[in-house]
Amino acid sequence: MPATDPRVEFYPLRARLLTVASAGYLTPRMIRITLTGDDLDGFRTDNYADHVKLFFPDEETGRHALPEVGADGRWNMRDPGLLYRDYTVRRHDPDAAELTIDFVAHDHGPAGRWARAARPGDRLGVLGPRGTHHLPDVDYVLMGADETALPAAARWLEELPRDARAYAFLEVADPGEEQHIDAPDNAVVTWLHRDTDPSGGANLLERAIRGFTPPVGTGFAWCAGEATALKPIRRHLRDSGFERGRTLDVDGYWRRGTVNLDHHAADDD
Ligand SMILES: Cc1cc2nc3c(=O)[nH]c(=O)nc-3n(C[C@H](O)[C@H](O)[C@H](O)COP(=O)(O)OP(=O)(O)OC[C@H]3O[C@@H](n4cnc5c(N)ncnc54)[C@H](O)[C@@H]3O)c2cc1C
């Protein structure tokens with residue numbers, strides 16, 4: 001989140017300890033977890049890509065370390081015992097004191113495993129969001145997302161003005177993973193099914209975005225998902241006139257074979 005970007009607004013950083021109010025499968029591969037607790041007081045989120053760091057208990061010892069945020073708003077990600085991953089704020093309901101996170105159900109890492117086993121009463125540490133990106137004024141938005149970015153895409157489609165023009169390409173495993181999304185009437189939502197291809201291993205998003213003919217006007221393009229699969233998409237969108245930092249945001253949310261990918265690390269090629 002570059003401090004110089006005028007579209008970025010920072011929030012005070014705070015660590016919270018929340019309790020699982022409910023946990024259940026939204027689709028066979030997506031788990032919805034609703035968190036609650038007095039600690040949610042003052043929680044803020046404004047835009048679709050707002051995300052938090054979730055802090056999980058150690059899988060062997062059960063020790064649950066939480067970050068300590070100093071008076072300067074900083075925390076030490078190398079503090080011993082911290083086990084954290086990035087997740088999108090799917091929904092925040094301040095009146096009900098609820099924070100909803102949608103987890104891809106997989107057993108390759110501690111976050112995916114925690115979600116599969118989560119039960120009401122379990123505790124989860126939550127840090128952030130650190131801030132938000134406000135969108136520029138545009139005529140249309142183009143989104144490309146795999147299932148890790150589906151929570152952000154779905155939130156965005158639901159929160160867009162009802163007369164917004166949006167084109168969303170959403171890659172999931174199969175038709176059983178499609179979710180109902182309350183999108184604007186003018187939104188064109190296209191579900192892409194990987195079928196037998198592994199997650200992150202198909203080039204469905206790339207083919208769909210290459211085949212997209214932009215309408216007249218200025219667009220904002222956002223794509224998120226498996227970092228390697230996004231590279232040709234980033235290049236294509238740049239070549240098509242979208243500008244990084246202004247009308248283009250391509251964000252690697254995970255990378256096959258990498259533990260806890262740092263999505264802030266430069267990945268511009
Ligand atoms: C800004 C941001 C927002 C995100 N929002 C969400 C969200 O709302 N929901 C969500 O589910 N994910 C989201 N992610 C992705 C999530 O942080 C990663 O998938 C994370 O690696 C999961 O942690 P883990 O402990 O399960 O796996 P890790 O320990 O990080 O990785 C272990 C292994 O699992 C593989 N792996 C990681 N994720 C997946 C996956 N989804 N499918 C298959 N293999 C995988 C890795 O490549 C690695 O080989 C987001 C990421 C970012 C950067």
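In which sense do strand 13 and strand 14 pair, and over how many bridges? I looked this up at the outset and found that the two strands pair in the parallel sense over six bridges. I note here that the model is predicted.

**Entry 1: strand 13 and its partners**

I next followed residue positions across this pairing. Ala 221 of strand 13 stands opposite Leu 248 in strand 14. I then traced the chain between these two strands: it leaves strand 13, passes through helix 4 and arrives at strand 14, and this β-α-β crossover is right-handed.

I also checked strand 10, which pairs with strand 13 in the parallel sense, again over six bridges. Here Leu 142 has Ala 221 as its bridge partner. Ala 221 is thus recorded in my notes twice, with Leu 142 and with Leu 248.

Is strand 13 mostly covered or mostly open? I found it mostly covered, with eight of its eight residues buried.

**Entry 2: helix 4**

I turned to the helix of the crossover. Helix 4 spans residues 227-239, which makes 13 residues. From first C-alpha to last it reaches 19 Å, close to the 18 Å expected at 1.5 Å a residue.

I listed the buried residues of helix 4 as Ala 227, Leu 230, Pro 232, Ile 233, Arg 234, His 236 and Leu 237. I noted that Arg 234 and His 236 are on this list alongside Leu 230, Ile 233 and Leu 237. An α-helix has 3.6 residues a turn, so residues three or four places apart point the same way. I then asked what covers these buried residues, and found that the cover includes strand 10 (140-145), helix 3 (204-210), strand 13 (219-226) and strand 14 (248-254).

I inspected both ends of the helix. At its start, a side-chain oxygen of Glu 226 reaches to within 3.0 Å of the backbone nitrogen of Thr 228. After the helix comes Gly 241, which has a positive phi, near 105°.

**Entry 3: the antiparallel sheet**

Lastly I examined an open sheet of seven strands, whose order is 5-4-8-2-3-7-6 and whose pairing is antiparallel. Its edges are strand 5 (84-88) and strand 6 (91-93), each of which pairs on one side only. I recorded an average twist of 35° from one strand to the next.

Within this sheet I looked at strand 2 (residues 15-27) and strand 3 (residues 30-36), which run antiparallel and are joined by seven bridges. Which residue of strand 3 is the bridge partner of Ala 23? I identified Ile 33 as that partner.

Note on methods:
Residues are numbered from 1 along each chain as its sequence is written. This is a predicted model: local features need pLDDT of at least 70, side-chain atom pairs count only at pLDDT 80 or more; totals for chains, interfaces and linings use all residues. Side-chain values use heavy atoms; hydrogens and water are left out. Helices (H or I, at least four residues) and strands (E, at least two) are DSSP runs, numbered from the N terminus. The expected span of a helix is 1.5 Å times one less than its number of residues. Buried means under 20% relative accessible area, exposed over 50%, partly exposed in between (1.4 Å probe, protein chains only). Contact means heavy atoms within 4.5 Å. A polar contact is a pair of N or O atoms within 3.5 Å; within protein, one must be able to donate a hydrogen and the other to accept it, and residues adjacent in sequence count only if both atoms are side-chain atoms. Two strands pair if DSSP finds at least two bridges between them. Axes are lines fitted to C-alpha atoms, for helices over the stretch in contact, and angles run from 0 to 180 degrees between N-to-C directions. A crossover is right-handed if, with the strands pointing away from the viewer, the path from the first strand over the helix to the second runs clockwise.
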